[in-house]
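The following exercises are to be worked with the sequence and the coordinates open side by side. Each task is followed by a solution in steps.

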Amino acid sequence: MNRSAIMRAVPSRNTSAELKVRAILRTIMTGYRLHRSDIPGKPDIAFVGRRLAIFVHGCFWHGHDCKRGARAPKTNAEYWRAKIERNVARDALHQTALREQGWRALTIWECELSDADLVAVKLRSFIAAPETSVSQRESRALAPRPKARRGERSGLQR
Ligand SMILES: [Zn+2]
């Protein structure tokens, strides 16, 4: 990786990846806040009232499991590896802190932005999805009743 590629990998606000995600998001839901430092991990995008946090992560910088994330600089390889490992560990801590405070978090990876439609689907389902615990309860309620119960019911109808 050359110097300019490394410079591009340094995290910063309002990267082109972030701007792309925000452009897609505007077609789905507005009213988000950017880089709020009072939220764990200072999410790139947050719907504060609904406690939804969205991170836009560069694949190299955040150690994504993809081709771009696997790219390693030849010089100072150990330095970069350690730095990225720290970033990954910090990201995990932020995710835990968010969950503990009742937030849901979504990460959009830089490499995913080659398919804007897919990102739109991901954002839409994230925003629409109820909390996991609720959806589990709902799916149990919607599950077909055991046969014996149905028999009882039809017996009552007679
Ligand atoms: Zn990636």
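Two strands are taken to pair if DSSP finds at least two bridges between them. The model is predicted, and the exercises apply this criterion to its sheet.

**Exercise 1.** Determine in which order the strands of the sheet are arranged, and which strands are its edges.

*Solution.* Begin with the chain as a whole, which has 7 helices and 4 strands and follows the pattern α-α-β-β-β-α-α-β-α-α-α along the sequence. The 4 strands form an open sheet with mixed pairing, in the order β1-β2-β3-β4. The edge strands are β1 (33-34) and β4 (104-109), each of which pairs on one side only.

**Exercise 2.** Work out in which sense β3 pairs with β2 and with β4, and name bridge partners.

*Solution.* Take β2 (residues 45-47) next to β3 (residues 52-57): these strands pair in the antiparallel sense over 3 bridges, with Ala46 opposite Ala53 and Phe47 having Leu52 as its bridge partner. The hairpin of β2 and β3 has 4 residues between the strands, and Arg51 takes a positive phi near 55° there. Turning to β4, the pairing with β3 is parallel over 6 bridges, and Val56 has Ile108 as its bridge partner.

**Exercise 3.** Explain why β3 is described as largely enclosed.

*Solution.* In a regular strand the side chains alternate between the two faces of the sheet. In β3, Leu52, Ile54 and Val56 point one way, whereas Ala53, Phe55 and His57 point the other way, and all are buried. Because 6 of the 6 residues of β3 are buried, the strand is largely enclosed by the rest of the structure. For the chain of 158 residues, 19% count as buried.

Terms used. Residues numbered from 1 in each chain as written. Predicted model: local features only at pLDDT ≥ 70, side-chain atom pairs only at ≥ 80, totals over all residues. Helix = DSSP H or I, 4+ residues; strand = E, 2+ residues; numbered from the N terminus. Buried ≥ 20, exposed ≤ 12 C-beta atoms within 10 Å, placed from the backbone.
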